[in-house]
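Please open the model in the viewer and keep the sequence panel visible. The tour proceeds from the whole chain to a single site.

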Amino acid sequence: MVDWVLCLLLAAAVMPKPYGNLWASAFLVLEYGVFIGFFAQTPGMRVAKIRCVRVTDGGRIGVWRALVRGALVALVIPALIMDRDRRGIQDKAAESIVLR
């Protein structure tokens with residue numbers, strides 16, 4: 001929720017009116033790409049004390065996989081479908097896992 005509010009505020013500040021949720025969604029994907037790709041967590045994840053890492057070795061997933069993950073999260077529905085390990089489609093596509 002923190003990340004979505006930040007993206008809504010950014011879209012309202014820099015995009016011409018009406019900006020709509022499309023720009024906020026684009027900013028969300030970019031935020032995921034940068035923050036998860038380089039730091040393994042977004043500002044909202046930092047507040048919640050969670051991080052997104054590679055499932056194989058616990059390292060950063062990188063920008064490309066973070067962008068894929070962000071695009072799938074922006075679609076919302078893939079994030080609602082999880083397996084028994086609580087990994088959604090976005091995590092499987094990016095070979096990532098969210099840890100505390």
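What percentage of the 100 residues of the protein chain count as buried? The share is 36%, where buried means under 20% relative accessible area with a 1.4 Å probe, counting protein chains only. This is a predicted model, in which local features need pLDDT of at least 70 and side-chain atom pairs count only at pLDDT 80 or more, while totals for chains, interfaces and linings use all residues. Residues are numbered from 1 along each chain as its sequence is written, and side-chain values use heavy atoms, with hydrogens and water left out.

Next, select the protein chain and display it as a cartoon. Six helices and two strands appear, in the order α-α-α-β-α-α-α-β from the N terminus; helices are DSSP runs of H or I with at least four residues, and strands are runs of E with at least two. Along its principal axes, the C-alpha trace spans about 45 × 25 × 25 Å.

Switch to a surface representation. The protein chain exposes about 6300 Å², of which carbon and sulfur atoms supply 67%; these areas come from the Shrake-Rupley method with a 1.4 Å probe.

Now select Cys7, which lies in helix H1 (residues 2–14). Cys7 is buried, with a relative accessible area of 4%. Beyond its neighbours within four places in sequence, Cys7 is in contact (heavy atoms within 4.5 Å) with Ala24, Phe27, Leu28 and Glu31. Finally, add Leu67 to the selection: Cys7 and Leu67 are 60 residues apart in sequence and 15 Å apart in space, C-alpha to C-alpha.

Note on methods
Buried < 20%, exposed > 50% of the residue type's maximum accessible area, 1.4 Å probe, protein only.
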